[in-house]
Amino acid sequence: MEPGGMRKVQRDKLAQSLVQLVFGNAGDGKTHYIKRQLQQCPSSCTISVNEAFAPLGAIKKLRRLPSDKPDCAIFFNFTLLPPEGRSFPLHNLNNNPESEDKQTAEHTLYHRLIEVIGWFFFDLLILGYVEDRDTGLSFRLPGGLDWVIYVEVPSRDLTMTPEEMLEQFCGDIPTLGLLGSARKVLNEIPFIIDEEVQLVCKYLKAYKEKRIDRFYEDGMFNVLAYFGISVTSLTFSTVKWCTTDQNSSASISGSSYYKWN
């Protein structure tokens with residue numbers, strides 16, 4: 001295809017769907033920003049892009065969206081990190097992993113998965129049609145309905161700037177780099193989400209979604225007290241608390257993040 005033809009394809013596809021690459025430092029609220037946008041859409045779906053990503057699973061979720069409804073949204077939540085930041089299940093390699101050292105095997109698996117993801121986005125955004133080769137299940141991106149696609153750029157390395165992480169991400173998945181528009185999320189009011197706070201948030205989210213049977217109340221309040229958190233209100237749909245500092249408060253509404261009010 002001639003360069004001019006490729007640019008025309010890109011313009012045509014962008015007219016059908018807006019691809020927004022949401023990037024920023026870890027903890028700056030990228031997921032929170034995207035979920036706020038999804039709340040304004042009549043219908044949306046969230047697809048996790050991690051070590052277990054497979055086109056078939058993504059297609060099944062995409063097919064649940066109403067193909068005739070405008071202003072729908074798709075959220076691709078990238079948590080996939082290079083081998084330096086995460087271990088990969090080596091048994092997924094087709095060749096014998098024992099013949100390679102662990103580091104080489106993990107890099108091999110990572111690049112194979114990135115290639116699969118790259119072709120998935122090429123098919124979806126350039127061709128407007130993606131199909132699972134094994135089952136034949138497919139999804140066609142409807143045109144003219146102003147669908148929005150949000151892609152959360154993962155925070156790969158704390159030593160890198162958000163712009164460097166975005167550049168590296170687009171280098172791995174060129175289609176997103178060509179078609180996506182960057183949206184940087186800035187943390188205007190500093191807050192800290194450390195591992196302990198994330199653990200509490202995940203616990204509360206699991207309870208709301210009934211993935212655990214019940215609260216271990218004594219232990220739960222001991223955990224919150226350990227973090228300097230006093231429970232002021234606890235309902236099945238919303239959990240609110242305030243820190244021992246009366247000038248700040250936090251809230252969760254059915255997800256594993258919180259924001260300072």
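In the predicted model, strand S2 (residues 44–49) runs parallel to strand S3, with which it pairs over 6 bridges. Within this pairing, Thr46 has Phe75 of S3 as its bridge partner, and Ile47 stands opposite Phe76 in S3. The two faces of S2 are not equally shielded: Cys45, Ile47 and Val49 form a covered face, whereas Ser44, Thr46 and Ser48 form an uncovered one. The connection from S2 to S3 passes through helix H3 (residues 55–62), and the three elements together make a right-handed β-α-β unit.

Strand S3 (residues 73–78) is mostly covered, with 6 of its 6 residues buried. Ala73, Phe75 and Asn77 point one way from the strand, while Ile74, Phe76 and Phe78 point the other way, and burial extends to all of these residues. S3 also pairs with strand S6 (residues 147–152), again in the parallel sense, over 5 bridges; in this second pairing, the bridge partner of Asn77 is Glu152 in S6. S3 is therefore paired both with S2 and with S6, and its residues are buried on the two sides to which they point.

Strand S6 is likewise covered on both faces, since Trp147, Ile149 and Val151 on one side and Val148, Tyr150 and Glu152 on the other are all buried. Because 6 of the 6 residues of S6 are buried, this strand is largely enclosed by the rest of the structure. Glu152, the bridge partner of Asn77, is thus among the buried residues of S6.

Helix H3, which lies between S2 and S3 in the β-α-β unit, also packs against helix H4. The axes of H3 and H4 come within 11 Å and cross at roughly 35 degrees, and H3 passes H4 in a right-handed crossing. The contact involves Pro55, Ala58, Ile59 and Leu62 of H3, which meet Val116, Phe120 and Leu124 of H4. Such spacing can be read against the general geometry of the α-helix, in which there are 3.6 residues a turn, so that residues three or four places apart point the same way.

The length of H4 (residues 102–127) was compared with the expected helical rise: at 1.5 Å a residue, its 26 residues should span 38 Å, and the end C-alpha atoms lie 37 Å apart, which agrees. Just after H4, Gly128 takes a positive phi of about 75 degrees.

Positive phi values also occur at two aspartates. Most residues other than glycine have a negative phi. Asp71, although not a glycine, has a positive phi of about 65 degrees; this residue is found in the loop between H3 and S3 and is partly exposed, with a relative accessible area of 39%. Asp146, also not a glycine, has a positive phi of about 55 degrees and is found in the loop between strand S5 (138–140) and S6. At 49% relative accessibility, Asp146 counts as partly exposed, because that class lies between the cut-offs of under 20% for buried and over 50% for exposed.

Terms used
Residues are numbered from 1 along each chain as its sequence is written. This is a predicted model: local features need pLDDT of at least 70, side-chain atom pairs count only at pLDDT 80 or more; totals for chains, interfaces and linings use all residues. Side-chain values use heavy atoms; hydrogens and water are left out. Buried means under 20% relative accessible area, exposed over 50%, partly exposed in between (1.4 Å probe, protein chains only). Helices (H or I, at least four residues) and strands (E, at least two) are DSSP runs, numbered from the N terminus. Two strands pair if DSSP finds at least two bridges between them. A crossover is right-handed if, with the strands pointing away from the viewer, the path from the first strand over the helix to the second runs clockwise. The expected span of a helix is 1.5 Å times one less than its number of residues. Axes are lines fitted to C-alpha atoms, for helices over the stretch in contact, and angles run from 0 to 180 degrees between N-to-C directions. A crossing is left-handed if the near helix is turned anticlockwise from the far one by less than a right angle, and right-handed if clockwise. Contact means heavy atoms within 4.5 Å.
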